[in-house]
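Please look through the structure shown here with two topics in mind, aromatic pairing and helix packing.

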Amino acid sequence: MDALLTRREFTATGAALATAVLPPLGTAATLAPPHAAPSTSHARTYIHLFHPGGWPATELWDPKPYTPLRPNMRGSDLLSTCESIPTSAPAIRLGAGLDALAPLMHRATIIRSLVDDEAQPHEAIDHAIAQQRMLDALTFEKPGSRLFRLNEDFHFGMDMVTSLTSHPTNASTKRFRVTLPFNAYRFLDTHESGARAIKEVKQLIAGKIAAMIASLDAQGRLDETIVCVSSEFSRTIAGTPSRGCDIHTGENTRIRSERDYGLHQHFAGSNSLILFGGPFQGGHVIGRTRDHHPMVVAEQPVTLAQARRMIAGALA
């Protein structure tokens, strides 16, 4: 059962979270995508940072060409509301605003072709359904597992996440899931003014996640720790489906103001999953999405079930 943490409980619970002893998972099958196959070593600690709300992956982890706002522009012309930036991994570029993470991407593997096994590519999937599928796939729940749903503001939640790095691990395997609840992360539910909203999101998440990864790396613990970052689905242009046309093309949509400028619609056609550390080779990208709407997976689709097997194999 999830533990609901209050600010008052933070100090006592932080140490308990960081030193909890959890049973090993046992052997599991592995997926071995190109450039990301687990080595013969295994991680002992798994931390899943789940951000509810649905992020526009093509403006964070899978950047597309920047399209400046032009009044009355066609929705299908909009690919991204931001530039992309280089990182410490030649194969990886990120959306501008994730600058704090750029120096650490040589320790990351990004799956840019994640698909929900049960969702149709153009399905207007519900938040609750998509969240449950993601959590079911990427939570390794055993007796004694520690699942935390933080019921305070975003800053408090990420401070709690950072506390995971404050104590050394021991020889036992640990599993943590830290979930920021929808009411604390509701601004990511970007149905309008997406460019402004996602810029604020990046300012909040980039530094906190980067501090956690850098701390683990500096302590020599990142090789034995997998940090998984996910959200329930991606975002696309809010298109109006018509007979004979794909949904989410944006061809019949006009962007008339800043309020319309952004990727606002729930999108199950592709998503990104970020894996830091562990036995994976860092600095690599798995999969590719299209460079036009709808930006569905074009190469190497990875299902939630396959992603689970890959992580489980690295923890076995």
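The paragraphs below take up the aromatic pairs and then the packing of two helices.

Because this is a predicted model, what follows describes computed geometry. Across the whole structure, a search finds two aromatic pairs. In one of them, the ring centres of Tyr46 and Phe140 are 5.1 Å apart and the ring planes stand at 80°, which is over the 60 degrees that the edge-to-face class requires, so the pair is edge-to-face. Tyr46 belongs to strand 2, which covers residues 45-50, while Phe140 sits in the loop between helix 2 (127-138) and strand 7 (146-150), and the pair therefore ties together parts that are 94 residues apart in sequence. Both partners fall under the 20% limit for buried residues: Tyr46 has a relative accessible area of 1%, and Phe140 has a relative accessibility of 3%.

Helix 2, which precedes the loop that holds Phe140, also packs against helix 5, formed by residues 304-315. Two packed helices are described by the angle between their axes and the distance between those axes. For helix 2 and helix 5 the angle is about 30° and the axes are 8 Å apart; since angles under 35 degrees count as roughly parallel, the two helices are placed in that class. The crossing of helix 2 past helix 5 is right-handed.

On the side of helix 2, the contact is made by Arg133, Met134, Asp136, Ala137 and Leu138, which meet Leu304, Ala307, Arg308 and Ile311 of helix 5. Sorted by class, this contact between helix 2 and helix 5 comprises six nonpolar and three charged residues, with no polar ones.

How values were computed:
Residues are numbered from 1 along each chain as its sequence is written. This is a predicted model: local features need pLDDT of at least 70, side-chain atom pairs count only at pLDDT 80 or more; totals for chains, interfaces and linings use all residues. Side-chain values use heavy atoms; hydrogens and water are left out. Rings of Phe, Tyr and Trp (its six-membered ring) pair if their centres lie within 6.5 Å; planes under 30 degrees apart count as stacked, over 60 as edge-to-face and the rest as tilted. Helices (H or I, at least four residues) and strands (E, at least two) are DSSP runs, numbered from the N terminus. Buried means under 20% relative accessible area, exposed over 50%, partly exposed in between (1.4 Å probe, protein chains only). Axes are lines fitted to C-alpha atoms, for helices over the stretch in contact, and angles run from 0 to 180 degrees between N-to-C directions. Angles under 35 degrees count as roughly parallel, over 145 as roughly antiparallel, 65 to 115 as roughly perpendicular and the rest as oblique. A crossing is left-handed if the near helix is turned anticlockwise from the far one by less than a right angle, and right-handed if clockwise. Contact means heavy atoms within 4.5 Å. Ala, Val, Leu, Ile, Met, Phe, Trp, Tyr, Cys and Pro count as nonpolar, Asp, Glu, Lys and Arg as charged, and the others, Gly among them, as polar.
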